[in-house]
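Visitor: Could you take one part of this model and look at it closely, and then say how that part sits within the rest of the chain? I would like the reasoning spelled out where a threshold decides the matter.

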Amino acid sequence: MAYDKELAAAIKAASLAALLCRKVQKGLVQSDVRSKSGRRHQSPVTVADYGSQALVSFVLQQEFPGEFSLIAEEDSNDLRKDGAGAIVERITELVNDFLTSDGSYNVTLSPEDVLKAIDSGKSEGGSQGRHWVLDPVDGTKGFVRGDQYAVALALLDRGKVVLGVLACPNLPLTSTGVAYPHCRNDEVGCLFFAELGGGTYMQPLDGSSTVKVRVSCVENPEEASFFESYEAAHSMHDLSSLIAQKLGVKAAPIRMDSQVKYGALSRGDGSIYLRFPRDGYREKIWDHAAGSIVVTEAGGVVTDAKGNPLDFSRGRYLDLNTGIVVSNHKLMPLVLNAVRASLEEKSL
């Protein structure tokens, strides 16, 4: 495949970052949580966000030392302020620990190296060239609660998503949709990866074995289950409920943080994912790039509420006004009809 080297590097980077995040979550203390400044709704950001971004950025730059472009969520502005020295030291220590454990890179990063690695994610993207797209901890609120989150990494080539990796440290390997070989029922931590034209695969975070996954083949909406965001601010639960009602969906919604929903849907855990943010919310490309290719390469469909494909070529934002709908090919026309009817009813 055309992007095999890039996919291997992405899997390596995301796996290391996920292990860093897992370590931080297990020992989460208050000093590890800060609030992003300058946001209308402050959201917690942890050393895991920064450490994950620095680690992924460093690994990718080592693997591809030429022209490098990264679109990522974090920057070092808050970390360069007075009083942030201790958290910078902690981030630096974590990043170096995981680089050492990997063994590929004989290097020790300084705090300034780490800050520069974090700041390499300021690319604006666009329709030309190649751009990596990273959400270092997608679902930070879930991370802080001890719930689901993902390290989400994708590659854009001339505005099109050509590969994606979702590392999901808290997602069980077993599910209703996939009987994963040789794993205990309580084993958690999996990684999904997809390359354009190559299908979608799932493996444990340690990479011990790999299985190909497919979306649910459910055709009857009454037998379908659907995912939506855990946070009500991220998706209008009342609208999702109305859509489900029109479809005849009987199961209660599965509410989950982050792009873990895309991964779970790609292996058949559910059949529909509905995301309808409240007015004024701008969708960032790092919240959907990796997840969208993981689902589409598993045989699914990802569109806006009007049935149009998502456009990742316009920079850091998708700028959708209508929301995002994900399902399989059989259900999608029915879901879009229910979405259209529900939006019309809500606007009356």
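Guide: A helix here is a DSSP run of H or I over at least four residues, a strand is a run of E over at least two, and both are numbered from the N terminus. The model is a predicted one, and in it the protein chain holds nine helices and 14 strands. The radius of gyration of this chain is 19 Å, close to the 20 Å that the globule rule gives for 348 residues, so the chain is as compact as a globular protein of that length. Its C-alpha trace spans about 55 × 45 × 40 Å along the principal axes, and 59% of the 348 residues count as buried.

The part I would choose is strand E7, residues 188-195, which is mostly covered, with seven of its eight residues buried. E7 has a partner in strand E6, residues 160-172, to which it is joined by seven bridges in an antiparallel arrangement; within this pairing, Ala167 stands opposite Leu191 in E7. E7 also pairs with strand E8, residues 200-204, again in the antiparallel sense and over five bridges, and here Phe193 faces Tyr201 of E8 across the pairing. E7 and E8 together form a hairpin with four residues between them, and in that turn Gly197 takes a positive phi of about 80°. As general background to such pairings, the side chains of a regular strand alternate between the two faces of the sheet.

Glu195 belongs to E7, and it deserves separate attention. At 5% relative accessibility Glu195 counts as buried, because the limit for that label is under 20%. A polar atom of its side chain lies 2.9 Å from the backbone nitrogen of Tyr3. Glu195 also has Glu297 at 7.4 Å, C-alpha to C-alpha, although the two residues are 102 apart in sequence. For the chain as a whole, 72% of the contacts between residues at least 6 apart in sequence join residues at least 24 apart.

The cysteines call for a threshold as well. A search of the whole structure finds zero disulfides. Cys168 is in no disulfide, and the nearest cysteine sulfur to it, that of Cys190, is 5.4 Å away; a pair of sulfur atoms counts as a disulfide within 2.5 Å, so this pair does not qualify. Cys168 is nonetheless buried, because its relative accessibility is 0%. Cys217, by contrast, counts as exposed because its relative accessibility is 67%.

On the other side of E6 in sequence, Arg158 lies in the loop between strand E5 (150-157) and E6. Arg158 has a positive phi of about 50° although it is not a glycine. Most residues other than glycine have a negative phi. Arg158 is also exposed, with a relative accessible area of 60%. Ser258 is another such residue, not a glycine and with a positive phi near 75°; its place is in the loop between strand E11 (254-256) and helix H7 (260-266). Ser258 counts as buried because its relative accessibility is 12%, whereas Arg158 is exposed.

Two further places help to set E7 in the rest of the chain. In strand E2, residues 44-46, Thr46 is buried because its relative accessibility is 0%. The side chain of Thr46 reaches the backbone nitrogen of Ala48 at 3.0 Å, and, leaving aside neighbours within four places in sequence, Thr46 is in contact with Asp32, Val33, Phe143 and Val144. Helix H4, residues 111-119, has Val114, Leu115, Ala117, Ile118 and Asp119 buried, and the cover over these buried residues includes helix H2 (47-63) and helix H3 (85-102).

Finally, the surface: the protein chain exposes about 14,600 Å², of which carbon and sulfur atoms supply 48%. Returning to the chosen part, E7 is a mostly covered strand, bridged antiparallel to E6 and to E8, and its residue Glu195 places a polar side-chain atom 2.9 Å from the backbone nitrogen of Tyr3.

Note on methods. Residues are numbered from 1 along each chain as its sequence is written. This is a predicted model: local features need pLDDT of at least 70, side-chain atom pairs count only at pLDDT 80 or more; totals for chains, interfaces and linings use all residues. Side-chain values use heavy atoms; hydrogens and water are left out. Buried means under 20% relative accessible area, exposed over 50%, partly exposed in between (1.4 Å probe, protein chains only). A polar contact is a pair of N or O atoms within 3.5 Å; within protein, one must be able to donate a hydrogen and the other to accept it, and residues adjacent in sequence count only if both atoms are side-chain atoms. Contact means heavy atoms within 4.5 Å. Two strands pair if DSSP finds at least two bridges between them. The radius of gyration is taken over C-alpha atoms; the globule rule is 2.2 Å times the number of residues to the power 0.38. Accessible areas come from the Shrake-Rupley method with a 1.4 Å probe; for residues, only the protein chains shown count as cover.
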